[in-house]
Amino acid sequence: MRILVLGGGWFLGRAVVSGALERGWEVTTFTRGLSSVPVPGAVAVHGDRERPEDLARLAGEGPWDAVIDTSASELSPHVVRSGARTLEPVVGRYVYVSTVAVYEGWPAEPLNTCSPVWAASADAGPEAVRPPDSASGINPGYGRRKAGTEHAVTETFGLSRTSLLRPGVLLGPGEYVGRLPWWLRRTERGGVILAPGNPTRRVQAVDVRDVATFALDQALHVGHQVHNLGSPIGRETMGGFLQACMDVTGSTGELLWVEDEILLHHGLRQWTELPLWWTHPGVSVIDSASAVAAGFHSRPLAETVADTWHWLSQGNTPVPHRRWAKHGIDPAKEQAVLDGIAYEGALRSPNP
Ligand SMILES: NC(=O)c1ccc[n+]([C@@H]2O[C@H](COP(=O)([O-])OP(=O)(O)OC[C@H]3O[C@@H](n4cnc5c(N)ncnc54)[C@H](OP(=O)(O)O)[C@@H]3O)[C@@H](O)[C@H]2O)c1
């Protein structure tokens, strides 16, 4: 089996490359070569997906049985379509890593693969790339853009040669965004730890290695495949997640669970300032039944937490990325919120 991985430098792409090499497959990666060193054993081609001449040069290295596209988180549909058209003659199947954000109902409603997807055009250009709303953490521009990129792929390769994979939030070794690594460092530091919302609230992350394994399996499939990828609904909770972080880091700290309303009153940014905290009701109700029927396995979140801590403890550091800076609450702000809560609590308590 010969595959092309668009991306392959970090996180999901790197997990895909490692998994393919373990299967004995021949792997070509395509990155700009800006942010990481290639995985040993893969053939690294460097170039920019936004430059048609670079894609044409890449196509000259083919053919491949399949391409697994892991590097289109920031590209417009127009760019993805242009690249797909260049690669189509030399690639058998296109496995496209999309996102649950393509659903109109995300993150307000429970979702399955029949839920309505944003109407979006495969022609859309850079205007489709918009920043998220900072208070709610929702980025409708991202979902619409990724919906457009899905069309770009299916229109070019045809439905029968495409797999569309729609994961929820990815965690695991190599994470560069700053979600799980931030919680691990925070619990390691100890003290009173601001724990968001309710410990019984569902969380539904997915391990990057499980998505990589499934993407490789999909490279062998035939016919049109569309799958959501998340852990089983209700299996994981915020309380279980933070306790797993406390356990693996040997934390001497204490979790102080604070209601959503109080956190919102103090102006905390959802999703980023306390990573994975989101009050939207549909955020952890993604149905992955079709993927499970096709062989998808989601490991327990505690295993992801332990392996990521092991990865960090080996002295590994995530690839530098601007997203990192947006994650985690400043310690002084956390303390100010805790002090404010203690003060308000004292005011409310009955006189002795
Ligand atoms: N992270 C999540 O929680 C999450 C959740 C759901 C879905 N997804 C989807 O999963 C996919 C993988 O996400 P990710 O966060 O692992 O990676 P990513 O940020 O989408 O891609 C990073 C890789 O792509 C390369 N790259 C970036 N721009 C490029 C360009 N213009 N030309 C060539 N190569 C380029 C980078 O290497 P160089 O810098 O060296 O070029 C790097 O190896 C994305 O499609 C994303 O939308 C992610």
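Here is a quick tour of this structure, from its nonpolar cores to its ligand and a few unusual spots in the backbone. Keep in mind that this is a predicted model. The largest nonpolar core has 44 residues, and the protein buries 94% of the area that the ligand exposes when taken alone.

**The nonpolar cores**

- In soluble globular proteins, nonpolar side chains tend to be buried together.
- Here the largest such core has 44 residues, and those with the most contacts inside it are Trp 106, Trp 183, Leu 194, Phe 241, Leu 274 and Val 305.
- Several elements chip in with at least two residues each: helices H5 (180-189), H7 (238-249), H10 (301-313) and H11 (331-348), plus strands S8 (192-196) and S13 (254-258).
- Helix H7 gives the largest share of this core, with six residues.
- There is also a second, separate core of 32 residues, and Val 208, Ala 219, Phe 296 and Val 319 are among its members.
- For a feel of the packing, pick Leu 194: leaving aside neighbours within four places in sequence, its contacts include Trp 183, Leu 256, Val 258, Leu 263, Leu 268 and Leu 274.
- Leu 194 also touches Ile 329, Glu 334, Val 337, Leu 338 and Ile 341.

**Around the ligand**

- The ligand has 30 residues around it, and Arg 32, Ser 35, Ser 73, Tyr 142 and Tyr 176 come nearest.
- Two side chains reach oxygen atoms of the ligand: a polar side-chain atom of Arg 32 lies 2.7 Å from one, and a polar side-chain atom of Ser 73 also sits 2.7 Å from a ligand oxygen.
- Asp 48 deals with a nitrogen atom of the ligand instead, with an N or O atom of the Asp 48 side chain 2.9 Å away from that nitrogen.
- On its own the ligand would expose 890 Å², and the protein buries 94% of that.
- Helix H1 (11-22), strand S2 (26-31) and helix H4 (140-157) are the elements that give two or more residues to the shell.
- What is the shell made of, split into nonpolar, polar and charged residues? It has 12 nonpolar, 13 polar and five charged residues.

**Three buried residues worth a click**

- Pro 275 sits in the loop between helix H8 (260-265) and helix H9 (289-293).
- Is Pro 275 buried or exposed? It counts as buried because its relative accessible area is 0%, and the cut-off for buried is under 20%.
- Pro 275 and His 327 are 52 residues apart along the chain, yet their C-alpha atoms are separated by 6.6 Å.
- Not counting residues up to four places away in sequence, Pro 275 touches Gly 178, Arg 179, Trp 182, Trp 183, Met 238, His 327 and Gly 328.
- His 227 belongs to strand S11 (residues 225-229), and at 5% relative accessibility His 227 is buried too.
- A polar atom of the His 227 side chain lies 3.4 Å from the backbone nitrogen of Ala 291.
- Beyond its sequence neighbours up to four places away, His 227 touches residues including Thr 113, Leu 164, Phe 214, Gln 218 and Ser 290.
- Ser 98 is in the loop between strand S5 (91-97) and helix H4, and Ser 98 is buried, at 4% relative accessibility.
- The side chains of Ser 98 and Glu 150 make a polar contact at 2.7 Å.
- Other contacts of Ser 98, again skipping neighbours within four places, include Lys 146, Leu 165, Arg 166 and Pro 167.

**Backbone oddities**

- Most residues other than glycine have a negative phi, and most peptide bonds are trans.
- A cis peptide bond joins Gly 62 to Pro 63, with omega about 5°, and Pro 63 is in the loop between helix H2 (52-59) and strand S4 (64-69).
- Another cis peptide bond links Trp 106 and Pro 107, with omega about -5°; Pro 107 falls in the loop between S5 and H4.
- Phe 11 is not a glycine, but it has a positive phi of about 45°; Phe 11 is in helix H1 and is buried, with a relative accessible area of 8%.
- Trp 271 is not a glycine either, and its phi is positive at about 80°.
- You will find Trp 271 in the loop between H8 and H9, where it is buried, with a relative accessible area of 12%.

Key: Residues numbered from 1 in each chain as written. Predicted model: local features only at pLDDT ≥ 70, side-chain atom pairs only at ≥ 80, totals over all residues. Heavy atoms only, no water. Core = buried A, V, L, I, M, F, W, Y, C linked by side-chain atoms within 4.5 Å. Buried < 20%, exposed > 50% of the residue type's maximum accessible area, 1.4 Å probe, protein only. Helix = DSSP H or I, 4+ residues; strand = E, 2+ residues; numbered from the N terminus. Contact = heavy atoms within 4.5 Å. Near = heavy atom within 4 Å. Polar contact = N/O pair within 3.5 Å; in protein donor to acceptor, adjacent residues only side chain to side chain. Areas by Shrake-Rupley, 256 points an atom, 1.4 Å probe, with all protein chains shown as cover. Nonpolar A, V, L, I, M, F, W, Y, C, P; charged D, E, K, R; others polar.
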